[in-house]
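Trainee: Please take a close look at one part of this structure, its buried interior, and explain it for someone who has not seen it before.

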Amino acid sequence: MAKDHEFQIDPRSSLLQVPQGPFGVHYIVAAFALVFALWHVATNVFLNEPGLWQNAIHFAGFGFLAAVTISPWGSKANQTWAWIADFTYGLLIAAAALWVASAESGLYERSLAVTGQGWQFGAIDWAAGLLLIFAAIDLSRRVSGWVIPILVITSLCYILFLGSWLPGVFRSASLPVDDVLFRTLYNDEALFGILTTISVTNITLFMVFGGFLVVSGASNFVIELSKIIAGRIKGGAAFVAVLSSALTGTISGSAIANTASTGVITIPLMKSNGFRPQFAGGVEAASSTGGQLMPPIMGAGAFVMASYTSIPYGTIVAVSVVPAILYFLSVAAIVRIEAVKYDAGAEIDLTVDKGKLLSGGLVFILPLMVMIWMLLSGVTPSFAACWAILALVVTSWATSLLARMTKNGMFKPVNMGPSRIAEALISGIRSAIMTAILLAAIGIMNNAIVTSGVGNGFSLMIAQWSQGSLALAIVLIAIASLVLGMGLPVTAAYIILAILTAPALAGLMADGVIVEQLVQGISDPSQSALFFLVDHPLAMQVSEGMSKAEAWSLIRAIPFEVAVTIRPVMVDPALQNTFLLTAHLIIFWLSQDSNVTPPVCLAAFVAAGIAGSRPMKTGFESWKIAKGLYIVPLLFAYTPLISGDLIEVLQIGFFALFGIYATNALIQWYAEGPIGWVTAPLLVLGAMGAYWPLALLANLMGAALILSVIIWTSRVQRTSVVQVAN
């Protein structure tokens with residue numbers, strides 16, 4: 001049995017990726033990361049700093065860590081001068097952030113509130129503010145490439161001078177430099193605004209919790225459980241990949257990390273089980289992408305969504321359970337078809353380590369149960385994460401006691417002693433660096449969008465191009481998400497798209513409700529009078545009723561600024577919230593496709609490296625396998641999968657499985673056997689019936705058609721196998 005002292009932290013390891021510097025500085029950085037992680041726990045449980053100070057300390061710490069751990073000097077990063085430069089740069093960033101927080105009250109005293117003049121920044125204020133903007137641009141380039149820095153610079157130029165040069169809806173007044181600096185530093189939507197608040201109060205703590213789960217051996221439990229459930233059926237190794245990635249997604253919420261951690265086990269298993277290398281990599285990439293859709297963590301997106309929609313985090317998690325299951329079952333359907341088509345994945349014996357299963361299961365299940373119970377009870381996600389961490393540590397100690405009380409190695413203890421706790425804390429902080437930096441940098445863009453009102457221009461553009469068609473609007477957003485995803489992490493792409501397009505998408509859904517009212521006729525004079533603002537011949541007939549085509553014609557003629565006035569009056573507030581949540585979930589799901597869609601699909605590329613397959617071939621395989629990313633958002637838009645009661649959600653989800661199988665079979669041109677020109681139309685009709693929302697007769701008929709094709713193709717396949725054998 002390994003002793004706790006055997007797990008000492010080496011700050012030069014990949015845990016922090018700190019190059020060895022002079023005078024033992026790398027140990028100082030590791031110690032700082034440990035203290036910084038503890039501060040995140042304390043500030044969310046015990047301390048009560050003002051929001052600006054909390055966010056400034058958060059950015060100061062992560063700015064320092066990013067500066068010293070992600071060096072721009074390449075092979076020269078270990079040289080003394082490089083370390084001194086990085087360390088000094090990190091300290092200056094931290095000092096600038098703390099200065100800006102401390103200077104706020106003095107700035108108000110010297111400026112508008114007293115003198116009636118513009119913002120009176122001092123020399124140090126200017127230096128600190130400009131350094132923070134530069135650091136946000138530079139550090140975001142270090143962690144994610146050039147796309148975010150270019151967007152940040154463009155957004156600043158837009159509100160400084162570029163907006164006044166543009167025509168039409170994108171024209172915006174230019175602002176003075178001192179006003180732009182103030183808004184960038186102190187606005188609620190800016191550098192230290194709402195996005196940084198989400199990072200400090202929720203995301204970082206969940207990253208730390210993920211670090212505890214990994215260090216404690218919970219990932220071992222995921223693999224062992226997957227072997228039991230899926231390891232002894234045809235296609236078993238691939239099903240292990242699907243299930244383990246789904247469970248790992250509850251830990252990491254990162255597609256690339258998920259692929260790298262579980263793929264090193266599952267991809268070789270799939271290859272040895274007879275699956276093609278590019279398919280094995282594609283399954284792992286597609287399954288790992290689903291990890292960000294799997295409650296309760298769901299990456300950083302769920303926290304951002306809760307903040308922007310003002311809908312409780314627990315509600316978002318609850319409505320995401322069935323869709324996430326649908327996604328993973330859609331991947332499993334492709335696995336089944338592939339196994340039958342290529343006769344891969346015969347029964348294999350995967351030995352299960354019962355010690356890892358039992359002890360890992362305790363430290364995996366009990367803390368998650370504590371977290372879910374606390375979320376459902378209404379506490380904040382950060383508070384729930386802290387208690388889950390405490391529950392995991394206590395549970396790990398219990399496994400040590402159980403190991404001493406039992407024999408034959410039934411329990412393998414995962415005692416979280418001081419060094420393992422430190423390792424988990426540092427691991428969590430390391431994994432949070434990129435997200436923390438990006439959210440702060442995107443805050444600068446968010447401020448420019450809100451200040452200039454360009455978001456309304458994008459919403460108007462989506463509404464005009466889609467011509468009131470919800471399906472076309474979703475296609476446009478899917479294309480935009482794919483383009484943004486080529487250069488942005490998924491969370492960043494989601495945030496930008498949500499800011500720009502979620503209001504338009506929710507508005508289109510609300511317009512559908514208004515159309516139904518126009519068809520019936522609007523008798524309330526206060527409501528019908530609103531349409532007098534619309535320059536359209538039918539505007540005077542709203543009280544009489546009209547055809548659906550006429551109603552849509554009237555809706556499309558409503559100017560954007562009038563539509564935002566009419567919708568809150570005509571649509572129930574609870575329904576508006578549902579539409580807003582649905583819009584955000586659609587965008588969130590579509591933003592995941594950049595992980596698996598060529599030409600830039602990072603999760604697929606990571607999987608290809610493990611599988612030894614060609615990256616683009618693996619990317620196309622992962623794109624085909626991840627079709628649930630497009631099917632489920634359409635269910636969000638056209639069925640009450642989000643808003644329905646439990647029975648309705650289960651009915652939609654159950655019959656959608658048949659439709660998803662039929663869709664995948666048509667894409668692969670194979671079910672349980674080859675598909676012909678007779679069976680293909682049956683699958684099309686069956687899918688249409690299965691997808692039809694809450695139409696039980698159509699659902700049953702669709703499911704029956706799909707089952708008949710499955711049975712028929714299975715018999716054809718067995719017959720062909722017998723003939724070949726004879």
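Mentor: The account below begins with the basis of the values and then turns to the interior.

This is a predicted model, in which local features need pLDDT of at least 70 and side-chain atom pairs count only at pLDDT 80 or more, while totals for chains, interfaces and linings use all residues. Residues are numbered from 1 along each chain as its sequence is written, and side-chain values use heavy atoms, without hydrogens and water.

The largest nonpolar core has 212 residues; such a core is a set of buried Ala, Val, Leu, Ile, Met, Phe, Trp, Tyr and Cys residues joined through side-chain atoms within 4.5 Å. Here, buried means under 20% relative accessible area, exposed means over 50%, and partly exposed lies in between (1.4 Å probe, protein chains only). Leu132, Leu505, Leu518 and Phe531 touch the most other members of this core. Its largest share, 19 residues, is supplied by helix α22 (residues 490-520); helices are DSSP runs (H or I, at least four residues), numbered from the N terminus. Beyond four places in sequence, the residues touched by Phe531 include Ile514, Leu518, Val542 and Met570, contact meaning heavy atoms within 4.5 Å. A second, separate core of 18 residues has Ala333, Ile337, Tyr661 and Ala665 among its members.

Thr289, in helix α13 (residues 277-290), is buried, with a relative accessible area of 0%. Among its contacts beyond four places in sequence are Ala255, Tyr327 and Asn595. Asn595 lies in the loop between α26 (573-590) and α27 (602-611) and counts as buried at 6% relative accessibility. Ala255 is also one of the contacts of Asn595, together with Thr289 and others including Val490 and Cys601.

Note on methods
Helices (H or I, at least four residues) and strands (E, at least two) are DSSP runs, numbered from the N terminus.
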